[in-house]
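Visitor: Please take a close look at one part of this model, the place where two of the chains meet. I would like the symmetry and the make-up of that surface in one account.

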Protein chains: 4
Amino acid sequence: MFVEKIVSEGLAHNSYIVGDYTEALVVDPKRDVDSYIDVADSKCCRIRFVFETHRNEDYLIGSRELEHLTGCRIIHGGHLDFGYGEPAREGDIFNIGRLMLKVLETPGHTPESLSYLLYPPSKEDIPWVVFTGDALFYGDVGRTDLRGEEMKSELASTLYDSLHEKLMPLGEHTIVYPAHGAGSSCGGNISDLAVSTIGYERATNPMLSLSREEFIEKKKMENIPIPLYFKMMHEQNQRGPALINIKRAEPMDAFMFAEAIPDCITIDTRSPLSFASGHIKGSYNIWMEGMAKFPGWILEYEKDILLITERQEDVETARRYLARIGFDDIRGSLCKGIEDWQNRGMPLEQSGVYTVADLYERLKERKDMFLLDVREKGEYASGHIPGAINIYVGELERRLQEVPSVQPIVSICSAGNRSGLAASILKRRGYRQVYNLIGGTTAWKEKSYPTEKQE
Amino acid sequence: MFVEKIVSEGLAHNSYIVGDYTEALVVDPKRDVDSYIDVADSKCCRIRFVFETHRNEDYLIGSRELEHLTGCRIIHGGHLDFGYGEPAREGDIFNIGRLMLKVLETPGHTPESLSYLLYPPSKEDIPWVVFTGDALFYGDVGRTDLRGEEMKSELASTLYDSLHEKLMPLGEHTIVYPAHGAGSSCGGNISDLAVSTIGYERATNPMLSLSREEFIEKKKMENIPIPLYFKMMHEQNQRGPALINIKRAEPMDAFMFAEAIPDCITIDTRSPLSFASGHIKGSYNIWMEGMAKFPGWILEYEKDILLITERQEDVETARRYLARIGFDDIRGSLCKGIEDWQNRGMPLEQSGVYTVADLYERLKERKDMFLLDVREKGEYASGHIPGAINIYVGELERRLQEVPSVQPIVSICSAGNRSGLAASILKRRGYRQVYNLIGGTTAWKEKSYPTEKQE
Amino acid sequence: MFVEKIVSEGLAHNSYIVGDYTEALVVDPKRDVDSYIDVADSKCCRIRFVFETHRNEDYLIGSRELEHLTGCRIIHGGHLDFGYGEPAREGDIFNIGRLMLKVLETPGHTPESLSYLLYPPSKEDIPWVVFTGDALFYGDVGRTDLRGEEMKSELASTLYDSLHEKLMPLGEHTIVYPAHGAGSSCGGNISDLAVSTIGYERATNPMLSLSREEFIEKKKMENIPIPLYFKMMHEQNQRGPALINIKRAEPMDAFMFAEAIPDCITIDTRSPLSFASGHIKGSYNIWMEGMAKFPGWILEYEKDILLITERQEDVETARRYLARIGFDDIRGSLCKGIEDWQNRGMPLEQSGVYTVADLYERLKERKDMFLLDVREKGEYASGHIPGAINIYVGELERRLQEVPSVQPIVSICSAGNRSGLAASILKRRGYRQVYNLIGGTTAWKEKSYPTEKQE
Amino acid sequence: MFVEKIVSEGLAHNSYIVGDYTEALVVDPKRDVDSYIDVADSKCCRIRFVFETHRNEDYLIGSRELEHLTGCRIIHGGHLDFGYGEPAREGDIFNIGRLMLKVLETPGHTPESLSYLLYPPSKEDIPWVVFTGDALFYGDVGRTDLRGEEMKSELASTLYDSLHEKLMPLGEHTIVYPAHGAGSSCGGNISDLAVSTIGYERATNPMLSLSREEFIEKKKMENIPIPLYFKMMHEQNQRGPALINIKRAEPMDAFMFAEAIPDCITIDTRSPLSFASGHIKGSYNIWMEGMAKFPGWILEYEKDILLITERQEDVETARRYLARIGFDDIRGSLCKGIEDWQNRGMPLEQSGVYTVADLYERLKERKDMFLLDVREKGEYASGHIPGAINIYVGELERRLQEVPSVQPIVSICSAGNRSGLAASILKRRGYRQVYNLIGGTTAWKEKSYPTEKQE
């Protein structure tokens, strides 16, 4: 018997593969499904089922890929009209090897959300493991705001019931495997705990100690960004995502690359420090881990993508990250890197960089700097550099009218990556004096420089 | 934060590496410690501590290897006089990153056994994870027979207290990480559950529902083989095992190999089927997974080892398995395999093979077959082929006077591997008509042929 | 600049990838083209061309796979009507990076055979490397018998001209990269030299020191088996092989496997020793390396294949080998190995094994043994066990009327693998007393037992 | 039979492993010898011999490592008094498997230089392959200047004889395997040809078409930098280098790293672009490939080394590169990268970057820029930016008195890496206005900006 967690890095999405004897099941697969196939093959198991906990919003589900490759069945919530797979209802039972899996309806995050209980052989009266999807995380619970403001309270109330009437009664001993970990866009305060149980969550998860009213109030107040690509994801996940159409990113030299630029969107995945010293005009700077989700905020699905990476092997990683959120059309990559471009004397742009100490000194002298804090609202509220204005990086390109074009602009996040992306957005839109604050508010606070909290 | 379980295959020994920020700890490391170093490096952590749950018997502990390579501290039970490391007592506290680890004395399996509690940051009042060593397994508890018959009851009583007064009170929610899984020589009925909790064990572990008297009675009745090498292991583990002295197994052609044979012990790790069709006189047949522990029953520590493997890469695996239980002196391997030997016309021996159907038919006709069941006593008792005599494979070479030399002998286990080893022992000791029953009692029962249970 | 040789193991087929700056070319690609893509990607090169030296007979060419994946151009001989690619003629020139490639027509093996000359930058007057396809090997030359007996002399004469008027004049210094190495079905005496030159071949290749008449005579006398699948290969290679349709070999347990057997052909890739001790009725025993070509002698293209392997990872290797010669339909594999089958008590057959010493002794006593030598004619002629009859393993199943059904049969090759395959053929066709001679004639000769040469 | 070339990247050092049957030999091993062991193991060969072509200057030889691990014999030139191994003389013969190796004395580069001829079985009259060490390269010949100016002519004359009386007579067909490829410090104009022969070299190598007088004259004029670490290398290589003492580079967080800095030398292997945007004061910037040799110009052997890398896996690569040239003492690495440092607000320095277009424009306006060309003399002579002063990067730190401290300095090489190292040297020595020209003279020439050649 085995249970393996397979994480989509960057997305902080957890999927699981469970096997016994010669059969396996997968919970919430990512779209690049080779990891599951590899595990199943190494254990000599056939993948018999995919179980979806809900219609996911933050990535394309790999269910149909697995169905295509293995002939497995796909199970999901019966309260939504999916374009593929089979609906399941409370109490439905499935078996792989000697294991039994039972369906538990736990609506709230979405109306059709399911949890799945797992029982070892001859222990069918006491739940062993529960896959909770986006109902219950470690240290947090699922979002209830994705259906719009008006539904927030109702969904929060439903979720409260699912938590307290369905999940808590499973018993303190039950092991909890949720769909997301710390850093996910699907929760605000998910902890980075490695594993947890119903009992440990009951004792430590702040959302579980609230009364129904407090819980609903808290969820109503919640303000987490909704990435723009979520809409595309949930539409496709309901219909059934297209099978990945493997196309190789063509290795290009600088001349080929230059020719392709006008038709494509160019993404530069190098570090913000490298980018600042020299980059191709018009390119977005998205650091590697950020590639897992920020393209979904920034890019249009219609355009082909060109990649500039620090190393050749990053192209494949970027390709996977992009495919997970539905960007399949990578036209090519600058295969010998920015050096190939620079050594041919082709034009490079530069942008500025501030350390926190430099900025601190500079601010004493000049008053004309526009401090642009691109973190999430909640981060901004909890402490920012005095005078900084907040526009979330994911919304920046659509709110440029709020950014003055004549002042020097200092782009700020918590470290330097999101602010690097923001700086690249400003540069490609023609802003000339753009500085990235490296170390960001984290370094600023480490130095004990003054901050403001939002009133 | 991360927690990874690292299993010594074959031994079913679990070790763990836990890390947070830039620090890590290891619980009960195996002797080939590169796995821990690799995990720590990939997470950018320094290994700060090794925690031993007890003086292990079934493998050499890797603590001093890690100390040598990383400068980490070694912690173990204060109630035994170890030749290295530092003693810890109930309530002692250690920190890595933001995590806190607390010592819990849980004697019984050994007098100095410790469990270790782990607490995430700012949750120091509620235990999250407990490493239970050989006190509590999934579905079973530790052995209390390794100090001899006379100590069995006393240790069982002590263990009962540790379980019910130390571990159960931690709370149902607490996640349990024991030192062994299914198949270990350190327990009779450990389940192959992937993960468990205090609450799940309380509900399902049969040893936890017994009264003190029943518990002690049960432990007194327990009859699990004590591998011969255990003595060597616990002596060395108390003193501190020698650092591995890496010597390469010399790749040998058939002539070199033949020259080395008289000074060495030869182990053939090919499948019992291959071995039966052709093997070098005097060699032991230990299948690859069996290499993790059966050499400890069979071999003398004084002699160098020669290896015959199905594939070249098996040599490295065998070397690791042997090193884990203290056999470091591998002289060489027959590098181009048995083919090299056979193609030079060098002498090969053969032994016989029966399928269960063949044996069943044969037994109808002939009465002179000696049926030798080499499984453990408990397995034998639960059902064997009528007329079969039980001598455990690990004791066979010392009990040969019980095996008649004139009859044909059928060697029997549950599948064909241990019986293959037994067949090779008989062959090397001069028995001529030796047959291995492939499929063993498992196949015999599948065919519904008659069995006897021990009265 | 780089030149890499990529060998199809078992087929002893050489392909080459050459690159400079950002461009690469491939000569005679195998059908599983990921190796070329990986090399090109790691060097940041686009594959611009595939050059075929001739219409290959012993494997399916990977040209169209590469074209599909990279958009490269395919070049081959202009004197044959191919269903894809572009024809080239003497003197045609192609460039990648700074390298120049020039076409040299070298007919003989086939009428449209080409060699390709490679020139480094600014050295276009002196050939550096020549890819000779099947015109010139190390120590041998190409076959001229594949068009039938009647064409042998004419083609030999043409080949003689290509060798002496086209290739020898390139100069002693020129490096030779042929399409095959030792062990290929495309030559009788190819040496296992790692690299060679025109001059070294002129000095040492016995075929190059013959007069035209001697050369033709020698080629007329040549008698190398023509594998049955060659016909299928050259037809498809002329038309353009189908793109590989990746289908996973389903991991099957013993019951599923048993159900599938009647519709499929079962291949057991374990060692002949394992096979002899226990195998499933009706299965062919083809050792792993033999999988590269012997399926082409034995199997029908219409039936799906089932695999029994020693290890799980062998399934992927077998799949590649089979795809290279056009067998794409692998239904499944016995994923937990023969142990799964045996432990369920499902029926196993056995066959016999002789060591050479045993056979030598036995032959003194019994005269009823049928000695079946399944090596190639040439091998047989150069020395066999007295009394042995020669039927090549590849033809055995079609010549069974020559094998008596009542006598014990000893299957003989040079080691034990081809004879193991022959033994399995006899077993599946109902022969009951079948013995495989392990060590074969190699061991027989090592022991200095008597042999006969063919008169 | 197999021959594999194993290249030390960055050093452009070629070593070779040759095997037949169960024996292998290695020519000129690098110090991290696991590659040879791995190849030998995978081919089931014992390494019987190391052959050194000469006392190497550019890396520490791995002979004693291999001797330690495999018990092989070490052979080198008899005309020098080595502290280990065995001397060989003209005509000495060694065998591995069926191969014969013969010693050919080819002095010139060093007095004791040997070449080694390889002969396949039963072809002992015609040389097949020659390992030429530093006597003959592809497109160039060995240096004769390492013994000082006064010896140049004499050694050149000796080398001329070795080339024309020893190597050329081997015959055009003989395959040449030299000790270095393009980019090595051991030759000025080695071509990047993948393979070559005596005949191809005779026809294309410009050094082989010279008369004795021209040859000597040419060698006398040659002016290639002699890296400072060469002295240390040849001393150790004569005595026998110490076995590598594996010490792990400790993963350090920013605080530990900061504490260690004062006692150590800090090397930052990130790209010059990253370095320019933010680096730790006092660190050298050596790009990854440059790590293979530039530490030998720059560092003192007495101090421990600290590493800052772009990625965690670079630490191991850097460790290997450093060990090859004798730097074994890596104290630690900034394990979570420069981000860890920056996010704690610890001080970062910046330096400037110019694109060629920027510099071209700037030079029109300002006349106070100090243009520092850090390429080799020969590169500088063949074309530099007007007004640039040449100080080779390897000598810069010892010639700082030639660099004015008040002007802005533009550091220039052919691309941006060596100039990045030079910029870091200037920065650590207190220069404040330092700019790295990215794209360097390559880009400058691509843009057709004016250059000067040295008179």
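Guide: Copies are superposed here by least squares on the C-alpha atoms of residues with pLDDT of at least 70 in both. On that basis chain B falls on chain C with an RMSD of 0.0 Å, after a turn of 180 degrees and a shift of 0.0 Å along the axis. That is the relation of a two-fold axis. Ser274(B) has the C-alpha nearest the axis in chain B, 2.1 Å from it. The same surface serves both copies, as 100% of the contact residues of chain B recur in chain C.

The model is predicted: local features need pLDDT of at least 70, side-chain atom pairs count only at pLDDT 80 or more, and totals for chains, interfaces and linings use all residues. Residues are numbered from 1 along each chain as its sequence is written, and chains are lettered from A and ligands numbered from 1 in the order in which they are written.

Between the two chains, 28 residues of chain B are in contact with 28 residues of chain C, a contact being two C-beta atoms, placed from the backbone, within 7 Å. On the chain B side, at least two residues each come from helix 8 (272–277), helix 11 (337–343), strand 18 (352–355), helix 12 (356–365) and helix 16 (440–446). Helices (H or I, at least four residues) and strands (E, at least two) are DSSP runs, numbered from the N terminus. By class, this side of chain B has 11 nonpolar, 12 polar and 5 charged residues; Ala, Val, Leu, Ile, Met, Phe, Trp, Tyr, Cys and Pro count as nonpolar, Asp, Glu, Lys and Arg as charged, and the others, Gly among them, as polar.
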